[in-house]
Number of protein chains: 2
Amino acid sequence: MDGSIAPVLAEARPLAILAGGGSVPLIVAAAAQRAGRPFIVVGIRGEADREIEAYRHRWVGWGEVGRLLLALKATRTEDLVLVGRIGSRPDYHGAPLDRGGVLARPAILRIFSGGDNSVLLGAVRLFESRGFNILGAHEIARELVVPAGWLGRVEASPRDLRDGEAAFAAAKMIGRLDIGQAAVAVGGRVVALEGAEGTDGMLERVAALRATGRVTSHGPAGALGKCAKPHQDLRVDMPTIGPETIRAAAAAGLAGVVVEAGRVMIAEREATIRVANSLGLFLVAREDGDGARA
Amino acid sequence: MDGSIAPVLAEARPLAILAGGGSVPLIVAAAAQRAGRPFIVVGIRGEADREIEAYRHRWVGWGEVGRLLLALKATRTEDLVLVGRIGSRPDYHGAPLDRGGVLARPAILRIFSGGDNSVLLGAVRLFESRGFNILGAHEIARELVVPAGWLGRVEASPRDLRDGEAAFAAAKMIGRLDIGQAAVAVGGRVVALEGAEGTDGMLERVAALRATGRVTSHGPAGALGKCAKPHQDLRVDMPTIGPETIRAAAAAGLAGVVVEAGRVMIAEREATIRVANSLGLFLVAREDGDGARA
């Protein structure tokens, strides 16, 4: 490989940011830079935003990830953040893998045959077994999570807040079974639970249920609840909302959004709050009633 | 009203069948006829099948249901079956209600503002408060439910049967919260939970998740699980499958269907089994592991 990372400082361990899509890898890179930490962004081709090129970076295909990271590790980069959206499960049956084969095909296939959670935990185990120390994006960019409290200007009616609590509780319940991490309640009734379709897909469904009269209310009502699964590895798999989530909740006719404090990432906090304010949705972070879990 | 029902026999109490859509009201009418029971089918206009006209019948709009039933009750018809699909929640804000107003507008609005379950329980309470004895369709036509056992010719692989168990358990769980009564598992993972979209809507979603690669398998795999909610009033609100459910499960790439024995209605049993056999889906009824209820 060409390029090398900055000299190691005892008090600032070099960091590799393995970047998927979206803005979060850029937020992590900016936070690392502010902290004066030497780092390199390893952009996954077809996934990561081109803006990573503002930082020291490398582009790699899925098949080269393992080899590149091992080369980095040889230069004493042991801290690794896996961050950003992965648009689709990589097709490892067809993808060219590097001959070094440190990410051996059978191990990868095993990882990607499980649920979303097992995919990521598998990747963590694989890199940890190679001596990497996996950090969460929010451990580098602390602004990605929020403490309990109201985030926007819009207040919730008692009824909508009850829906938010019902949706949150339902999301927690299905999270315990590793099924999903979000739910929607309207008018005292849980109308949608997230499965493999994801939060955006679920919100589209609620919009369709409203359009066909299966879910009704006078004006915006109800709420999205989103939380982490009890045993979710927040270093690599933190539930995330952003401006698009708020827009989708508004399109679904909801009055607001309840997220778990400290355990749900808000990808673009300012933009998210601005959109919630302008669309008239409440946005609140709350602790999990069952007590915090790390 | 014109027409009157047959003379009352002490051993064969007259019966009114309030009929929504689909074939089940016809099955109930045929069973009542076989039993030599005097009965009238009250077809809800826009919902019930025209084939009810093969029996003594009346057509009524939503707003006339209450008045007609009270008139029937005056002729000593006290047993009532509420059966059949209701295509959409009646718009009571706009519908013409009968002046007698026995189904008073506020009571109806209250009923229809709740979840599906509360709608039906509300209707039951309303008719019971007027002295009707509500019977389940399966109490007249016992062939509508099935005991535990295999229904078709297709056997399940151990893996698909495990998916069926996982889907069944997930369906039970969300049923306890009055959210839904069905779920889908594929490859050891629950991928969809039923909300307000209903079982057919959920199966369409699984088909879409397969089409977009969010749910994958080599060939048909996984199963639909469907069961009654623990506190479901099976007289008026029995979960139902039929040939279309099997076709939808096949379109979703599933290998089979697991239903709860005695508590899920099979609307057209022979056709359902025939379709399952021809499409290669297994179909099995099982007891709720938590023990039978009501």
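Trainee: By what turn and what shift along the axis can chain B be laid on chain A?

Mentor: The general idea comes first: two copies of a chain are related by a rotation about an axis and a shift along it. In this predicted model, a turn of 180° with a shift of 0.0 Å along the axis lays chain B on chain A, with an RMSD of 0.0 Å. That is the relation of a two-fold axis.

Trainee: Which C-alpha of chain B is nearest the axis?

Mentor: The C-alpha of B:Leu193 is, at 3.0 Å from the axis. The same surface serves both copies, since 95% of the contact residues of chain B recur in chain A.

Trainee: How many helices and strands does chain A contain?

Mentor: Chain A has 9 helices and 13 strands. Of its 294 residues, 46% count as buried. Among contacts in chain A with a separation of 6 or more, 73% are between residues 24 or more positions apart.

Trainee: Turning to the sheet in chain B, what is the order of its strands?

Mentor: The order is S6-S13-S11-S9-S7-S8, in an open sheet of 6 strands with mixed pairing.

Trainee: Which strands of chain B stand at the edges?

Mentor: They are S6 (149-150) and S8 (189-193). Each has a single partner strand, so one side of each is left without a neighbour in the sheet. B:Leu193, whose C-alpha is the one in chain B nearest the axis, is the last residue of the range given for edge strand S8.

Trainee: How many bridges join S7 to S9 in chain B, and do the strands run parallel or antiparallel?

Mentor: Strand S7 (residues 182-186) and strand S9 (residues 223-226) run antiparallel and are joined by 4 bridges. One pair to locate in the structure is B:Ala185 with its bridge partner in S9, B:Ala223.

Trainee: Let us consider backbone angles. What is the phi of A:Arg76, and where is this residue placed?

Mentor: A:Arg76 is not a glycine, yet its phi is positive, at about 75°. The residue lies in the loop between helix H2 (65-74) and strand S4 (79-83) of chain A. A:Arg76 counts as exposed because it has 11 C-beta neighbours inside 10 Å, and the cut-off for that class is 12 or fewer.

Trainee: What are the phi and the place of A:Asp178?

Mentor: A:Asp178, also a residue other than glycine, has a positive phi near 60°. It is found in the loop between helix H6 (158-176) and strand S7 (182-186) of chain A. With 18 C-beta neighbours inside 10 Å, A:Asp178 counts as partly exposed.

Definitions and conventions
Residues numbered from 1 in each chain as written. Chains lettered and ligands numbered in written order. Predicted model: local features only at pLDDT ≥ 70, side-chain atom pairs only at ≥ 80, totals over all residues. Helix = DSSP H or I, 4+ residues; strand = E, 2+ residues; numbered from the N terminus. Buried ≥ 20, exposed ≤ 12 C-beta atoms within 10 Å, placed from the backbone. Contact = placed C-beta atoms within 7 Å. Least-squares fit on C-alpha atoms with pLDDT ≥ 70 in both. Pairing = 2+ DSSP bridges.
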